[in-house]
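Me: I'd like to learn how to read a few features off a model like this one. Could you walk me through it?

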Amino acid sequence: MLSYQYRKGDGLIRMLRIRELFILLICILLLSGCTQQQTDVENITLQDGRHIEAEDSIFDFAIDESNLYYQGQQGEIYRRSLSDWDNAELRETIAQVPYENDYYTGYPYATIYEENGSVFYRYHSGGATMGGDYLYRIESEQEPKKIPGRNYDDYTQLDGFGIRTFGPAVGSVGLGMMYVHEDGTMEQLGPELYRYYVQGDSYDAKRNVLYVMANAYDTATQRLSQIDLYELRLSDGVLTKLSDAAHENYDVTEDAIYYQALQNLYMFDLNTREEKIIVESDDFVYQYAGTETGVFYACVENQNRLLFWNREKDETIQYDINAEVIGLYEQNGYVIAHFAKTTENEPQTVVFYPDGKRIYVIDEVTDKVTINREDVMVYRIAGTSQLLKVDLG
């Protein structure tokens, strides 16, 4: 595993393999110089992780600043220290997903993820109507804390507080939103007759506002309006519409929000309060990830190749990667792009640093990449129990 970077002004280019020259070209296109760096990679194969071949399922995992979390073969939720993760004797069982023998026989699959520094696991129990999702937040020295919910309520962890949004249930369209304090107490937030959608990047601490997607409920017709993008002031609960050209997904950065509407990709400038179309596509912009300097995206008319719109220069770069983007997302400032496997000379995963000038290239096909707030990355070789750890700092 190699980390490819470029030193600006280095006039001596040694004999490179075709792939190395290709990656060098990516760096040059990526705005400006990179510095050469060799990064150590640690790997581990977890024999105790859940793997059911008949269901084509393999354990999920996540990391925080100190630990690795994953699901075991008998429904266990395990914790291992990142600093000594190959020491099986130090493995801890911190929770147990209960066995089922009604609608499903076996241990439900647990989704494990990190959000704003906290790690959660979620699983479904029971049928679609009478059953529901169970969500727990993993605490450092205590048992995991069950997040209150009813059927399909959702919870978003933000910095210092959480947001609970009501999901649809029997006889309910799921209206309203609650502010959840760290001690678990809750209070109503925002107008009640709305159905809200909140993401992990929704809170703007500088402006003390929450950016949400929402649609209003008409009690007379019992119908929901179209979904729009709103700003909710936490000081007084006032809800202000920002755009009616948005769907459920949006990416919030320090001074801009990116969102999609049919063929177009938009930016809402939080300083000027103006909306701008930055991509006009004849087909469909199907993936995007916003950063402080612009937005990465892929659209059908460009065969789903990776592009980047630079906000400062108002220009678009198309990366010379001859492969389709099959996954594109941001985590803790980094952007991760997964590519469909084409030839051996193409990168399978490229990680873009927050500074926008460096990349880390992963040769193997990965099915999950996670990066914590301390710049530590853990990824898995697709379909296997092999995890690799890299310090990107």
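Reply: Sure, let's go through a sheet, some aromatic rings and a couple of polar side chains. Keep in mind that this is a predicted model.

Me: Sheets, then. What is the strand order in the open sheet of four strands, and is the pairing parallel or antiparallel?

Reply: The general idea is that strands of a sheet pair through backbone hydrogen bonds, either parallel or antiparallel. Here the order of the open sheet is 14-15-16-17, and the pairing is antiparallel. Strand 14 (154-157) and strand 17 (186-188) are the edge strands, each pairing on one side only. Going from one strand to the next, the twist averages 25°.

Me: How many bridges join strand 14 to strand 15, and which residue stands opposite D154?

Reply: Four bridges join those two antiparallel strands. D154 has T165 opposite it, in strand 15. The hairpin made by strand 14 and strand 15 has four residues between the strands, and within that hairpin G160 takes a positive phi near 90°.

Me: And on to strand 16: what joins it to strand 15?

Reply: Four bridges again: strand 15 (residues 162-165) and strand 16 (residues 177-180) run antiparallel. For the register, take G162, whose bridge partner in strand 16 is V180. T165, in turn, stands opposite M177 of strand 16.

Me: Which way do the residues of strand 15 point, and are they buried or exposed?

Reply: In a regular strand the side chains alternate between the two faces of the sheet. In strand 15, G162 and R164 point one way, I163 and T165 point the other way, and all of them are buried.

Me: Now the aromatics. How many aromatic pairs does a search of the whole structure find?

Reply: The search turns up 18. A pair of aromatic rings is described by the distance of the centres and the angle of the planes. Try Y123 and Y134: with centres 5.5 Å apart and planes at 15°, the pair is stacked, because planes under 30 degrees apart count that way. Y123 belongs to strand 11 (residues 118-125) and Y134 to strand 12 (residues 132-137), so this pair links distant parts of the chain, 11 residues apart.

Me: Are Y123 and Y134 buried or exposed?

Reply: Y123 is buried, at a relative accessible area of 6%. Y134 is partly exposed, at 30%. Both rings also belong to one aromatic cluster, formed by Y121, Y123, Y134 and Y136.

Me: What about the rings of Y194 and Y230: stacked or edge-to-face?

Reply: Their centres are 5.8 Å apart and the planes sit at 80°, so that pair is edge-to-face. Y194 is in strand 18 (residues 194-197) and Y230 is in strand 22 (residues 228-233), so the pair ties together parts 36 residues apart in sequence. Y194 counts as buried at 19% relative accessibility, because the cut-off for buried is under 20%. Y230 is buried too, with a relative accessible area of 8%.

Me: Which charged residues sit over the rings of F59 and W85?

Reply: For F59, look at R380, which lies over the face of the ring at 5.0 Å from its centre. For W85, it's K389: the charged end sits over the ring, 5.0 Å from the centre.

Me: Let's finish with polar side chains. Where is Q331, and what does its side chain reach?

Reply: Q331 lies in strand 32 (residues 325-331). Its relative accessibility is 13%, so Q331 counts as buried. The side chain of Q331 makes a polar contact with the side chain of E114 at 3.2 Å, and also reaches the backbone nitrogen of I371 at 2.9 Å. Setting aside residues up to four places away in sequence, Q331 touches E114, I336, V369, T370 and I371.

Me: And where does N271 lie, and which residues does N271 touch?

Reply: N271 is in the loop between strand 26 (264-269) and strand 27 (274-280). Leaving out residues up to four places away in sequence, N271 touches R207 and D255. With R207 there is a polar contact between the side chains, at 3.1 Å. You can also compare sequence and space for N271 and E254: they are 17 residues apart in sequence and 9.9 Å apart in space, C-alpha to C-alpha.

Note on methods:
Residues numbered from 1 in each chain as written. Predicted model: local features only at pLDDT ≥ 70, side-chain atom pairs only at ≥ 80, totals over all residues. Heavy atoms only, no water. Pairing = 2+ DSSP bridges. Axes fitted to C-alpha atoms, helices over the stretch in contact; angles between N-to-C directions. Buried < 20%, exposed > 50% of the residue type's maximum accessible area, 1.4 Å probe, protein only. Polar contact = N/O pair within 3.5 Å; in protein donor to acceptor, adjacent residues only side chain to side chain. Contact = heavy atoms within 4.5 Å. Phe/Tyr/Trp six-rings, centres within 6.5 Å; stacked < 30°, edge-to-face > 60°. Lys NZ or Arg CZ within 6 Å of the ring centre and 35° of its normal.
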